[in-house]
Amino acid sequence: MTAQTTAVDSPAAPFVPPAVLRGDRAAVLGLTGTFLVLGVMASLPYVVDNGVTTQLVKLCYLIALASMWNLLAGYAGMVSMGQQAFIGLGAYTLFVVNDHGINVYAGTLVVSAVVALIAWPVSYIAFRLRGGYFAVGTWVIAEVVRLIVVRFDSLGAASGRNITTITAEPVLRQAYTYWLALAVMAAAVLGTYLALRSRLGLDLQAIRDDETAAGSLGVNVTRGKRIIYIAAAGGCAAAGAVICVNSLGVASPSQIFGVQYTALMIFMVVIGGIGTVEGPVIGALVYFLLDKYFAQSGVWYLVVIGAAAIAVSLYLPRGLWGTLAHRTGFAIFPVTHKVLQTARRDEA
């Protein structure tokens with residue numbers, strides 16, 4: 001009887017919820033290394049010739065585009081075939097911004113914000129579709145946007161258009177264009193990383209794994225997907241503005257609204273590793289090197305690209321970086337959250 005009374009009267013040990021480690025040494029080292037690399041890259045116009053920075057502009061916007069598509073498909077489960085809509089809108093909105101007296105370099109930020117606002121009502125149309133219908137629907141939306149743009153004579157109609165006001169000095173123009181591309185790339189990669197380290201990132205991964213289960217656990221599925229759709233649209237628009245500035249205009253609407261951009265995004269993400277922050281960077285670098293050394297090889301260029309895609313799909317289905325991360329656990333941009341073991345307090 002005494003033993004029972006003691007057990008009842010003894011206060012229960014209060015439960016201490018486990019702590020969640022959101023940042024660790026790997027995250028600090030990854031960000032430190034990234035900023036060092038960006039610092040070195042930012043100094044390149046002072047130490048190399050324009051030919052090198054011209055090539056690196058392409059690498060920068062490829063990384064930005066791949067990161068945006070990976071954010072959509074790799075983390076939110078939205079396989080879009082119509083991101084070229086926002087690339088083209090970014091380029092053509094830059095014409096409008098430039099016509100109103102805003103410098104093309106500063107105007108890229110305005111372009112990104114404007115296209116993101118346009119993507120908000122578009123998302124209500126796209127989100128009525130699911131799965132393969134969503135992929136096809138986004139491609140149709142891109143075609144509709146192209147057909148609307150070509151009806152404006154002020155934007156060059158169907159014949160393309162050149163930028164009217166830009167820095168006259170070629171060396172200075174190329175340096176500014178390179179820094180713009182570098183800033184867009186850094187914003188795309190670091191923005192993706194920071195988003196995935198937040199509560200939104202956890203919601204996105206839950207949505208990707210099982211949308212129905214995520215909704216039943218309290219995740220606002222539509223809100224999370226819409227935020228990412230709008231953010232990816234803004235990122236693609238900024239990359240489209242970089243493409244426009246680098247080419248001093250647009251050759252034709254069919255080129256800038258071409259589905260080949262989405263095909264490149266998919267290729268780079270699959271090669272590098274979908275669902276990783278580093279994968280699109282690696283995939284873009286692989287494509288950049290293949291394009292650099294095989295682009296003049298005619299049909300063999302397509303053979304090499306196709307062979308690379310097939311080989312990775314068959315033997316490394318997680319992609320180059322995805323396979324490395326899976327086998328070693330190494331990550332430059334770790335997005336996982338670690339739960340620390342916390343014992344109950346003993347007040348006996």
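Student: Where is Arg226 placed?

Tutor: Arg226 belongs to helix 11; helices (H or I, at least four residues) and strands (E, at least two) are DSSP runs numbered from the N terminus. Keep in mind that this is a predicted model, where local features need pLDDT of at least 70 and side-chain atom pairs count only at pLDDT 80 or more, while totals for chains, interfaces and linings use all residues. Residues are numbered from 1 along each chain as its sequence is written, and side-chain values use heavy atoms, with hydrogens and water left out.

Student: Why is Arg226 called buried?

Tutor: Check the cut-offs: buried is under 20% relative accessible area, exposed is over 50%, and partly exposed is in between (1.4 Å probe, protein chains only). Arg226 comes in at 12%, so buried it is.

Student: And what does Arg226 touch?

Tutor: Leaving out residues up to four places away in sequence, Arg226 touches Trp120, Ser123, Tyr124 and Phe127. A contact means heavy atoms within 4.5 Å.

Student: What makes Phe127 and Tyr229 an edge-to-face pair?

Tutor: A search of the whole structure turns up 12 aromatic pairs. For Phe127 and Tyr229, the centres are 5.5 Å apart and the planes meet at 70°. Rings of Phe, Tyr and Trp (its six-membered ring) pair if their centres lie within 6.5 Å, with planes under 30 degrees apart stacked, over 60 edge-to-face and the rest tilted. Both tests are passed, so the pair gets the edge-to-face label.

Student: Which parts of the chain does that pair link?

Tutor: Distant ones: Phe127 is in the loop between helix 6 (104–126) and helix 7 (131–149), Tyr229 is in helix 11 (residues 221–247), and the two are 102 residues apart.

Student: How do you know that both of these rings are buried?

Tutor: Phe127 has a relative accessible area of 11% and Tyr229 has 2%, so both fall under the buried limit.

Student: Then why is the Trp321 and Phe330 pair called tilted?

Tutor: Their ring centres are 5.9 Å apart, so they pair, and their planes are at 55°, so the pair is tilted. Trp321 is buried at 9%, while Phe330, at 46%, counts as partly exposed.

Student: What makes Tyr229 stand out in the largest nonpolar core?

Tutor: Of the 93 residues in that core, Tyr229 and Ile256 touch the most other members. Helix 4 (residues 50–76) gives the largest share of this core, 17 residues. Such a core is a set of buried Ala, Val, Leu, Ile, Met, Phe, Trp, Tyr and Cys residues joined through side-chain atoms within 4.5 Å. Beyond four places in sequence, the residues Tyr229 touches include Leu72, Met78, Phe86 and Phe134.

Student: Which residues of Tyr46, Tyr105, Tyr176 and Trp179 are in a ring cluster?

Tutor: Ring pairs link Tyr46, Tyr105, Tyr176 and Trp179 into a cluster.

Student: Why is Leu109 exposed or buried?

Tutor: Leu109, in helix 6, has a relative accessible area of 68%, which is over the exposed limit, so exposed is the call. Its C-alpha atom is separated by 9.7 Å from that of Leu94, 15 residues apart along the chain.

Student: How many helices and strands does the protein have, and what share of its residues is buried?

Tutor: There are 16 helices and 4 strands, and of the 348 residues, 46% count as buried.
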